[in-house]
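This report deals with the pockets and the nonpolar surface of the structure shown below, which is a predicted model.

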Amino acid sequence: MKARLTGYFTQINNATEISFYYADGLSGLGRNSTTAFVQEILTGIDKQHLGLELGAEAQLTSTLKLKTAVASGQFIYNNNPDLKLTSDDFIEAQDYGESNLKNYRIAGGPQRAAQIGFEYRDPDYWWFGTTLNYFSHAFADVSPLARTSNFATDSDGLPLLGYDENIALDLLKQEQFDDYFLLNAVGGKSWRVKNYYIGFFVSVNNILDELYKSGGFEQSRNANFRTLKADRDREQPVFGSKYWYGTGTSYYGNVYIRF
């Protein structure tokens, strides 16, 4: 039996991220319109990655191997970086101060996962294996602008009328995607014909055709409490989060001749 336990801690400091989007509900522009196509510059970002990984395999017989792995991580923003907006629609850069990102999860895939599977290798040169994989704690990427002072500020720079802190907390809660399972299998066989080796293998991923969100992000179009709440109150939000999905059942086959 073999096993390995790994722990890791990574701190990334003073990173910069640049994004482009169209925003409604901007404050401090000094003009009648509160909309603009902007460049968002997020500076001084600190990120923290912390986690454990355990992998193990056991050779149960000469032909059958059992294997498993477990990973648990916490990937978070570790501070409140500074946010500025620039645009062709206004002369000076708009400084919105700190974006309250500390302790929000960093998007980019599941932060917890587990796997169990087996592999069989026959003396007659055919083999087969399958794994059941579990993924959880994947999050949508949050909008930094919606977590600045602009969110609660009207176009004239004064606090928004009707601002409700409890509703705001609900609107700004980070979306966590549903957990999901993926069942995969792979197998093949080879033959020796004189001085040649002929073989094939086939893999099938997501056998159960699971539909799952593999990532996504909040749109920054609705930049303040009023515009975001109005959109969320719709039966079908116009500027809701954007998602992408993992593939359904997929197949791959390979035939080879080696000499």
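## Largest pocket

By residue class, the lining of the largest pocket in this predicted model comprises 11 nonpolar, four polar and six charged residues. The lining counts 21 residues in total, and those that lie nearest the centre of the pocket are Ser19, Asp141, Phe217, Glu218 and Ser220. Two or more lining residues come from each of strand E1 (2-23) and strand E2 (36-59), and E1 gives the most, with five residues.

The volume of this largest pocket is about 400 Å³.

## Second largest pocket

The second largest pocket has a volume of about 270 Å³, and its lining is made up of 18 residues, with Glu218, Leu228, Arg232, Gly240 and Ser241 lying nearest its centre. Its lining divides by class into seven nonpolar, six polar and five charged residues.

Glu218 thus appears among the residues nearest the centre of the largest pocket and also among those nearest the centre of the second largest pocket.

## Nonpolar surface patch

On the surface, Leu60, Leu66, Ile116, Phe118, Trp126, Phe128, Leu132 and Phe181 make a nonpolar patch of about 710 Å². At least two residues of the patch are supplied by each of strand E6 (112-121) and strand E7 (126-136), with E7 giving the most, namely three residues.

Phe128, one of the patch residues, lies in strand E7. Its relative accessible area is 35%, so Phe128 is classed as partly exposed, and this value also satisfies the patch requirement of over 30% relative accessible area.

Key. Residues numbered from 1 in each chain as written. Predicted model: local features only at pLDDT ≥ 70, side-chain atom pairs only at ≥ 80, totals over all residues. Heavy atoms only, no water. 1 Å grid on protein atoms, 1.4 Å probe; cavity = no way out; pocket = protein on both sides within 12 Å on 5 of 7 lines; lining within 4 Å. Points joined across faces, edges and corners; volume = space filled by probe spheres on them. Helix = DSSP H or I, 4+ residues; strand = E, 2+ residues; numbered from the N terminus. Nonpolar A, V, L, I, M, F, W, Y, C, P; charged D, E, K, R; others polar. Patch = residues over 30% accessible without salt bridge, like charges linked within 9 Å, V, L, I, M, F, W, Y side chains within 5 Å. Areas by Shrake-Rupley, 256 points an atom, 1.4 Å probe, with all protein chains shown as cover. Salt bridge = Lys/Arg side-chain N within 4 Å of Asp/Glu carboxyl O. Buried < 20%, exposed > 50% of the residue type's maximum accessible area, 1.4 Å probe, protein only.
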